[in-house]
Amino acid sequence: MKLRSKDLLGIGDLTTEEISLILDTAVDMKKIVTSGMKKSNYLQGRTVMTLFYENSTRTRVSFELASKYLGAQAVNVAVASSSVAKGETLVDTGRTLDVMGTDMIVIRHSSSGAPHHLAKNVKASVINAGDGMHEHPTQALLDLFTMREAFGTAKGLEVAIIGDILHSRVARSNILCLTKMGAAVRVYGPTTLMAPGISLMGATVCGSVEEAVAGADVIMALRVQMERQKKALFPSAAEYARFFGLNPGNASGAKPGAIWMHPGPMNRGVEIPTVMADGPQSVIDTQVTNGVAVRMAILYLLTGREEH
Ligand code: CP
C-alpha cells in the first residue's frame with residue numbers, strides 16, 4: 001500500500017488505512033532513531049527543503065533529522081534572510097526550490113491554506129508543518145503514534161484537550177485524526193479561546209477541566225498562543241493557570257494510568273505545572289522523539305515507497 005497523494009496537507013485528506021500505514025512505518029523508523037547508528041539510505045539522492053515562515057524548534061529540526069537519518073540532502077531555507085524579505089511570493093519561492101531539484105518542501109506558514117496553494121504550483125511533494133490556525137497534521141500523527149504506543153490502539157480512547165482551542169491547529173488536526181481512528185475527544189478552555197463550530201468536528205465541549213478530564217485516558221494541554229491574540233483574551237497568566245491550567249488536583253479524575261501530553265513549546269506553570277510535565281505520567285519527551293520517527297515515515301512514504 002502507498003499514500004495516494006503527492007502531498008501531505010491535512011488529516012482530512014488521509015484515509016484510516018493511510019494513517020495506519022504511516023504509523024506502522026514509523027514503528028520501524030523509530031528503531032533507526034533509537035539505534036546507535038542513525039543512518040539509512042532509503043532516501044539517498046533525494047532533497048528535502050524546510051521552508052518555515054513561522055518559528056519552530058521541534059517540527060523543523062525533526063524534519064531535518066528525519067531527512068538525514070534517511071540519507072536525503074536536507075536544506076533549510078532561512079526565510080528571514082531569503083528573497084522572501086525582498087518581496088518574493090510564496091509560489092515564486094516554491095518554484096525556485098522546485099527547479100533546483102527539490103523532492104519535498106516542508107512548509108510552515110502563518111496563513112491557513114498556504115501549503116495547499118504551494119502544492120498546486122510545484123512538482124515537489126509539499127508537507128504541511130502547520131498553517132495558521134488550520135492544521136498541523138504531522139503533530140496529530142505523532143500524537144496518535146504516542147497514544148498507540150501507550151495503549152496499543154486509539155480506538156475507544158477518551159482524550160481531553162484543554163486550553164487555547166481557538167488558535168490551535170494542533171487541536172483541529174488531533175480532533176480530526178482521533179475521531180477518525182475511533183477515539184472520543186472532549187475539549188475545554190476559556191470561552192474567548194473556544195473555536196466556534198468545534199463540536200461540528202466531532203469534539204464534545206465541556207464546562208470545566210474536571211468535566212473534560214473525568215475518566216480520560218489522555219490529557220493534552222495546549223500552548224496559549226499569545227502571538228495570535230490581537231487583544232487580550234484572558235486577564236493574566238496567573239488567572240489562566242488557576243481556572244484553565246492543569247494541576248494534580250483537577251487532573252485527578254482521569255483514569256489511573258492516564259498520560260499527559262503537550263505539543264510544546266510549553267508555558268510551564270500556565271498550561272501545565274512542572275510537577276506534571278516532568279512527572280511519571282508525562283509523555284511529552286516521547287512525543288518529541290516520536291516526531292522524528294513519524295516524519296521519517298511520511299518522507300519515506302511520500303517518495304512512493306510502500307510500508308517498510
Ligand atoms: N509542536 C510544535 O509544532 O513545536 P514547534 O513550534 O517547536 O515546531
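Start between the two domains: select domain 1 (11-135 + 288-303) in one colour and domain 2 (137-283) in another, and find the largest pocket, which lies between them because both give residues to its lining. These domain bounds come from an automatic or database domain assignment. A pocket here is an open set of points on a 1 Å grid over the protein atoms alone, with protein on both sides within 12 Å along at least five of seven lines; a cavity is a set of points where a 1.4 Å probe fits but cannot get out, and lining residues have an atom within 4 Å of a point.

A word on the model before you go on. It is predicted, so local features need pLDDT of at least 70 and side-chain atom pairs count only at pLDDT 80 or more, while totals for chains, interfaces and linings use all residues. Residues are numbered from 1 along each chain as its sequence is written, and side-chain values use heavy atoms, with hydrogens and water left out.

**Stop 1: the largest pocket**

The largest pocket has a volume of about 390 Å³; a volume is the space filled by probe spheres set on the grid points, which are joined across faces, edges and corners. Now select Arg-108, Arg-169, Arg-223, Gly-264 and Pro-265, the closest to the pocket's centre of the 20 residues that line it. H2 and helix H6 (169-180) are the elements that give two or more residues to this lining. Helices (H or I, at least four residues) and strands (E, at least two) are DSSP runs, numbered from the N terminus. Colour the pocket lining by class and you should find four nonpolar, nine polar and seven charged residues. For that colouring, Ala, Val, Leu, Ile, Met, Phe, Trp, Tyr, Cys and Pro count as nonpolar, Asp, Glu, Lys and Arg as charged, and the others, Gly among them, as polar.

**Stop 2: two details from the pocket lining**

Zoom in on Gly-264 and Pro-265, which are joined by a cis peptide bond with omega at about -10 degrees. Most peptide bonds are trans. Pro-265 sits in the loop between strand E9 (259-261) and helix H9 (274-277).

Next, show the side chains of Arg-169 and Glu-54: a polar contact of 2.9 Å joins them. Such a contact is a pair of N or O atoms within 3.5 Å; within protein, one must be able to donate a hydrogen and the other to accept it, and residues adjacent in sequence count only if both atoms are side-chain atoms. Glu-54 belongs to the loop between strand E1 (47-52) and H2. Is Glu-54 buried or exposed? Glu-54 is buried, with a relative accessible area of 17%. Buried means under 20% relative accessible area, exposed over 50%, and partly exposed in between (1.4 Å probe, protein chains only).

**Stop 3: the enclosed cavity**

The structure holds one cavity of 30 Å³ or more, and its volume is about 70 Å³. Domain 1 and domain 2 both give residues to the lining of this cavity, so it lies between them. Select Arg-58, Ser-62, Gln-139, Leu-142, His-262, Pro-263, Gln-287, Val-288, Gly-291 and Arg-295 to see the lining. Which helix gives the most to it? H10 does, with four residues. Helix H2 (58-69), helix H5 (137-151) and helix H10 (284-302) each supply at least two. By class, the cavity lining has three nonpolar, five polar and two charged residues. Pause on Gly-291 in helix H10: this glycine is buried at 0% relative accessibility.

**Stop 4: the aromatic cluster**

Show the rings of Tyr-188, Tyr-240, Phe-243 and Phe-244, which ring pairs link into a cluster. Rings of Phe, Tyr and Trp (its six-membered ring) pair if their centres lie within 6.5 Å; planes under 30 degrees apart count as stacked, over 60 as edge-to-face and the rest as tilted. The count comes to four aromatic pairs. Tyr-188 and Phe-244 have ring centres 5.8 Å apart and planes at 35 degrees, so this pair is tilted. The two come from distant parts of the chain, 56 residues apart: Tyr-188 in strand E6 (residues 184-188) and Phe-244 in helix H8 (residues 237-244). Tyr-188 is buried at 12% relative accessibility, and Phe-244 is buried at 17%.

Add Tyr-240, whose pair with Phe-244 is also tilted, at 5.6 Å centre to centre and 45 degrees between the planes. These two are four residues apart in helix H8, so about one helical turn separates them. Tyr-240 is buried, with a relative accessible area of 1%.
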